Amino acid sequence: MRGEQRRQIVGAGILVLLLWLVVYPLLLVLVEGLHGPRGWTLEFVRLFLHRPTEWRALWGSLWISLVSVVLAAVVGIPLALLFGRYDLPGGRVLSGLVALPAVLPPLVGVLAFLFLYGESGFVSLLVQRLLGLEEPPWRLQGAGAILLVHAYSMYVYFYLFTRAALGSLDASLLEAASSLGAGRWRRLRQVVLPHLYPALGGAALLTFMTSLASFSAPYIFGGGFRVMTTQIVATRLNGENELAMVETISLTLVALLALWLLRGGRAPEASGGRKGSGPTRVPVRRPGMRLLLAVVAWGLAAFLLLPHLTLLLVSFVPLGTWTTEPLPPAYTLRNYLALVTDPVRSRPLLNSLWLASAATAAAVGIALLASLLGVGRRVRGARLVEGLLALPWAVPGTVFAIAIATAFSVRAPWAGRFILVGTIWILPLAYLVRNLPITSRAILAGVRALDPSLDEAAATLGAGRWRTLRRVTLPLLRPAVLAGASLAFVTAFGDFVTSVMLYTYDTRPISMEILSSLRQSDVGVAAAYGVVLMLVSAAVFAVGAERGGGG
Amino acid sequence: MTGFLRLEALVKRFDGVLAVDRLSLSLARGEMVALLGPSGSGKTTTLRLLAGFETPDAGRVLVDGEDVTRVEPVARRFGMVFQHYALFPHLDVGENVAFGLESLGLRGHELTQRAARALDLVDLAGYERRHIGQLSGGQQQRVALARALAPEPRVLLLDEPLSNLDPTLRERTRHEIRELIHRVGITTVLVTHEQDEAFELGDRVAVLRDGRLEQLGTPDELYTAPANAFVGGFIGRSSRLEVTVVGPAPRGVRIAIGGAEWEIDAGPGRPAIPPGPAMMLVRPEALRLTPPGAGAVPATITGRRFVGPSALFRAVTDQGAGLEVAAPPHAVVPGARVGIMPSRREGGGIHLFPVEER
């Protein structure tokens, strides 16, 4: 049939496109790392292996990631058990607030922590004053600072995954266990925890991969402490390009190895079609306990909200007015006005908007086409396409930035290489590649959930392929597309890790402008950008979740 | 044979496995045929071949003399009601029903009028603006029917139309569907694994097994004159056991069964079974319980199931074969020693088949 043939051709086209965008740049990194001016060589690998600084950076990446997993688990799991099990006063609002760090783009989170706990931070000054110290009580630097930021932003994975898994626990299992004489601890150990394991594995994997790829926190707070992501950027700045390639390869290998080791973990299903309801929450009756829990919970919420509030506060502070006072002496709207009125200041906003929109639109297009072609049909390479769409998730953003910078800095059209570095196209392209996994995961899930008999029903009612797509398939996929698109947009809008290596002055995104404002000590403007980033992210998330999750 | 809808020797393989095996069927205009069979018998595949979702490896489908075997579903003008209805969840009732009418190019007043007429047909007049999620299962089923019928298709296909309704609703809906389809007068093929459904809805019933047509006939024919042991066993209640044909008798044959000899009418128009082993298929009402004695098969009652006017007694012969016998509810108690005889009623209820048949 001709339709079938066309499907195969489009499918092959997508496969080639993905190979070119996802695999090819990575292979070029490999080639550059193993290729010197006089042909193939292991010189740079040897250089890498002989430098203690390289080993230290790699080890730093590893242990930071492992400790981040532990910290995130220690914070996230008890919170989930607490909110999932007990009916606390204001629990509904609280359990929403607890997920708040998720809407803070990494760089903005780092910024907020700087304003809060940095040398001249709000909390640091407060403590210094209270204790009458000469010096700030601590320095927000090195591994400790990185871990603090990681724990703050990544416990959310454990929290959300555990909550979801708890929600999907069939209450009748617990009832069955009690009727068989299992006490509270035995139920927890033998019923609840085994049910949570897959979700915990998924959260651990996500946290590990995210910290391994983390760039903003080590870049801002690292100081002399290097992890591999920051090491790569430093080496590249030193002009040791080939060594940077070897470093990139090493980081990729670690990431893929971790993925392989932890592959058993998976995200909990949102809601199974299973019968039985989740365990009901236990109301806390004893007034004393109730008060204590409430104080702890709200104190925690305040702690979690503090970075957001600080950012907001700092964004209203005029340049150079807030030095040693515990609260700012003056407030102004000028920082925000500058974002709108000053073309130099408004440019990054507009840049980020269009860059993220373009990348998201392209990612949605590719993901839609691939999902619609592949699902339920015997298209050759459908699984390969799926794998390629998911691959960028496993590879740290720094690696992709390097890979894309490598692939598209040479003009060799016959080899599929063009000079895009330095043009306005490089950032959307990089964002696109990074967005493919999240977009396609959401859309693929949506397509899989479609009832195939709807297509058939449309056909028996005389609707052709296009009318079915327009009237049935796409409207039904809208929630999935919105969910995927909003996630992708938020990631691209706040992107720092790829931008820092690929931006040009004309396409500088918000994150770069935040960094340069910070360097000029223009903290008010930096905070104002941060607030805008946070609000837009939250708004887009909310739209995606409402339109996406509601249906 | 000329029918309005004809299936000619359809063959469909999936990965080399025969799903439909040289299936031929002919329906008169306005006739309703039920495809009945256990799961995996090929009935759903046959329906999908009719709808055009699958293309047969061999054979043809003809409608009113036109070969539609390779006509895409879009152009085939067959209406279909899906097992889970497949109503478009994002469209309301009116838009669902109008969907097929729009394909015909209808717009505006005519469109709404035709949609309203289709809804009226299924007793859902005025439900146009309801959302699909607001409807009960029975109402959804009727919307699906209205949607399929609205474009006035040539043939209506129903895939297990009642399987999603709760049992109390099923019987009523069955009557409604039958009445509606006869009023519309559309040629209909229905797939079901429920005998009651097939018997009430089908003018004729096609019994399928392993992709082959085992028998096509009215419900009465299938019950009283099953073409083979499979149909006999699949339709209605029966017990089967191996017997030995001794030879012809004045009105039928003489068989040896569990130490007794019976003279039975082996079914009208059935080829005579040669002396030797045979498979006997017997309806519960074709047997009766007697005190143990001459001519009766000695057996022990092992169970009883009450079904109203009579009870079905489970008996095990001394040779270890199980038999189901219909008798007055309090005829015997479990554990009793009894004899089993063919009931005095002449003819029918006992069928002999060659043993090689499964």
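Helices and strands here are DSSP runs, with at least four residues for a helix (H or I) and at least two for a strand (E), numbered from the N terminus. By that reckoning Met280(B) sits in β14 of chain B, a strand covering residues 276–282. Keep in mind that this is a predicted model.

**Around Met280(B)**

Met280(B) is a handy place to start looking at chain B. It counts as buried because 25 C-beta neighbours fall inside 10 Å, and the cut-off for buried is 20 or more. Once neighbours within four places in sequence are set aside, Met280(B) is in contact with Arg240(B), Leu241(B), Val243(B), Ile350(B) and Leu352(B). Take Leu241(B): 39 residues separate Leu241(B) from Met280(B) in sequence, yet their C-alpha atoms are 5.4 Å apart in space.

Zooming out, chain B has nine helices and 20 strands. Its C-alpha atoms fill a box of roughly 80 × 45 × 35 Å along the principal axes. Chain B has 358 residues, and 42% of them count as buried. If you take contacts in chain B between residues at least 6 apart in sequence, 65% of them join residues at least 24 apart.

**The cores**

Which residues have the most contacts inside the largest nonpolar core? They are Leu111(A), Ile404(A) and Ala430(A), in a core of 154 residues. Helix α7 of chain A (residues 142–167) gives this core its largest share, 17 residues. A second, separate core has 109 residues, among them Val81(B), Ala148(B), Val325(B) and Ile350(B). Ile350(B) has already come up as one of the contacts of Met280(B).

Back in chain A, Ile404(A) is in contact with Pro25(A), Ile426(A), Leu429(A), Ala430(A), Val433(A) and Leu502(A), not counting neighbours within four places in sequence.

**Two helices by length**

Here is one helix from each chain, with its span from first C-alpha to last.

| Helix | Residues | Length | Span | Expected span |
|---|---|---|---|---|
| α12(A) | 241–261 | 21 residues | 30 Å | 30 Å |
| α6(B) | 167–184 | 18 residues | 26 Å | 26 Å |

Both rows assume 1.5 Å a residue for the expected span. In α12(A), the buried residues include the run from Glu242(A), Leu243(A) and Ala244(A) onwards, as well as Ala255(A). Right after α6(B) comes Gly185(B), with a positive phi near 75°.

**Two helix pairs in chain A**

Helices α14 (residues 334–341) and α15 (residues 343–374) of chain A pack at about 75°, their axes 5 Å apart. That angle is why α14(A) counts as roughly perpendicular to α15(A). Ala338(A), Leu339(A) and Val340(A) from α14(A) make the contact with Arg345(A), Ser346(A) and Leu349(A) from α15(A). By class, the contact has four nonpolar, one polar and one charged residues.

For helices α5 (residues 106–117) and α6 (residues 122–131) of chain A, the angle is about 15° and the axes are 3 Å apart. These two are therefore roughly parallel to each other. Phe115(A), Leu116(A) and Tyr117(A) in α5(A) meet Phe122(A), Val123(A) and Ser124(A) in α6(A). Five of the residues in this contact are nonpolar, one is polar and none is charged.

**Where the chains meet**

How many residues of chain B are in contact with chain A? There are 18, and they touch 14 residues of chain A. On the chain B side, α2 (73–76), β6 (78–81) and α3 (93–103) each supply at least two residues. That side has 12 nonpolar, five polar and one charged residues.

Conventions: Residues are numbered from 1 along each chain as its sequence is written. Chains are lettered from A and ligands numbered from 1 in the order in which they are written. This is a predicted model: local features need pLDDT of at least 70, side-chain atom pairs count only at pLDDT 80 or more; totals for chains, interfaces and linings use all residues. A nonpolar core is a set of buried Ala, Val, Leu, Ile, Met, Phe, Trp, Tyr and Cys residues joined through C-beta atoms within 7 Å. A residue is buried if 20 or more other C-beta atoms lie within 10 Å of its own, exposed if 12 or fewer, and partly exposed in between; C-beta atoms are placed from the backbone. Two residues are in contact if their C-beta atoms, placed from the backbone, lie within 7 Å. The expected span of a helix is 1.5 Å times one less than its number of residues. Ala, Val, Leu, Ile, Met, Phe, Trp, Tyr, Cys and Pro count as nonpolar, Asp, Glu, Lys and Arg as charged, and the others, Gly among them, as polar. Axes are lines fitted to C-alpha atoms, for helices over the stretch in contact, and angles run from 0 to 180 degrees between N-to-C directions. Angles under 35 degrees count as roughly parallel, over 145 as roughly antiparallel, 65 to 115 as roughly perpendicular and the rest as oblique.
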